[in-house]
Amino acid sequence: SAAEEESGIVLHAAQEQQLRQDRWQLETDLKRAMDEDQFTLQYQPQIGLQDFATSGFEALLRWKHPGSGFVSPDIFIPLAERGALINQITDWVMHTALRQTSTLPLPGTRARVSINVSPVTLFDPGFPFAIESAVSLWGGSHDQLAVEVTEGTLIQDIDVSKRVLSTLRDKGVRISIDDFGTGYSSLAYFKQLPVDEIKIDKSFITHLAETDIDRKLVESIVELGHKLDLQVVAEGVEEERALNILREIGCDVAQGFLISPALPAEDLHSWFGEGAST
Ligand code: C2E
Ligand code: CA
Ligand code: CA
Ligand code: CA
């Protein structure tokens, strides 16, 4: 009836209103999160597919909201981007990640850690300086640090992207293209960008063993990556069969629940077989 329809609409409007209010509340709470130590980092290991040795970690941000528990970064990162809080958060991530990984043993080198960088931060003129000071403070070399940016970020302004990425890369920071294959990047401008690594999006990896088209796509991405001298990483590796296919195809690095979920900092030493006490 018309009345039901109407009440449906009213309910819908009320839900929208509630959603807006929740988001507003969350945004307000987010502003306090840093001062109140509600952020932590977890580290997801990445392994070489030839030797199965740990090649690095991706730092993933966690926010424990005092009332609601853990909130997904897919929800709070966009809020932080809107409120310009994201630069401050990324700064904290950079410092914390370098500090927490600075004592990890990797054969011949220190552990490499990748951080996720939003467009807002990448295009902030202060960002290269922020990296510079974080790296010099934690006594590492820049090649300890990789930044992951999405294709979508880079195509917003190719010229500026090129300039910023070059600045970072001249400092030795590794550049990784996240969620590769989901954006709109055309090879024409992709080849102009100074990039070291591509991460094949997990949507291509999840059903790799069952889906012929995914296998073909992943195969061509790996081939393409290698032609452009890029290291190719597969994310979202959940199955043994997918791992084996990636090895066969010649993909360089794998990351995913099969290998390990993201680990709290205090578990990193036992990941390397140390700290038998835990
Ligand atoms: P992302 O960069 O694509 O990160 C990978 C996400 O996939 C992570 O979710 C990770 O926990 C999850 N994942 C890892 N292995 C598997 C797997 O085998 N299967 C499946 N289904 N998922 C897997 P998380 O930690 O919830 O992060 C979500 C997104 O939030 C990230 O996507 C990234 O875009 C953003 N994010 C996280 N931390 C930060 C940060 O410090 N700064 C910024 N700007 N963004 C961040
Ligand atoms: Ca990432
Ligand atoms: Ca990704
Ligand atoms: Ca993603």
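Q: Which residues come nearest to ligand 1, and what makes a residue count as near?
A: In this predicted model, Gln44, Arg62, Asp178, Glu238 and Phe257 come nearest among the 20 residues around ligand 1, where a residue is near if one of its heavy atoms lies within 4 Å of the molecule. Local features need pLDDT of at least 70, side-chain atom pairs count only at pLDDT 80 or more, and totals for chains, interfaces and linings use all residues, while side-chain values use heavy atoms, with hydrogens and water left out.

Q: Why is the pair formed by Arg62 and ligand 1 called a polar contact?
A: A polar contact is a pair of N or O atoms within 3.5 Å, and an oxygen atom of ligand 1 is 2.8 Å from an N or O atom in the Arg62 side chain, so the pair qualifies. For the side chain of Asn116 the corresponding value is 3.1 Å, and a polar side-chain atom of Asp179 lies 3.3 Å from an oxygen atom of ligand 1.

Q: What makes Asp179 a donor to the calcium ion (ligand 4)?
A: Donors are N, O and S atoms within 2.8 Å of the metal, or 3.2 Å for Na, K and Ca; Asp179 coordinates the calcium ion (ligand 4) through OD atoms at 2.8 to 3.2 Å, so these atoms count, although the site may look incomplete because water is not among the atoms. Asp179 is found in strand β8, and strands are DSSP runs (E, at least two residues).

Conventions: Residues numbered from 1 in each chain as written. Chains lettered and ligands numbered in written order. Polar contact = N/O pair within 3.5 Å; in protein donor to acceptor, adjacent residues only side chain to side chain. Helix = DSSP H or I, 4+ residues; strand = E, 2+ residues; numbered from the N terminus.
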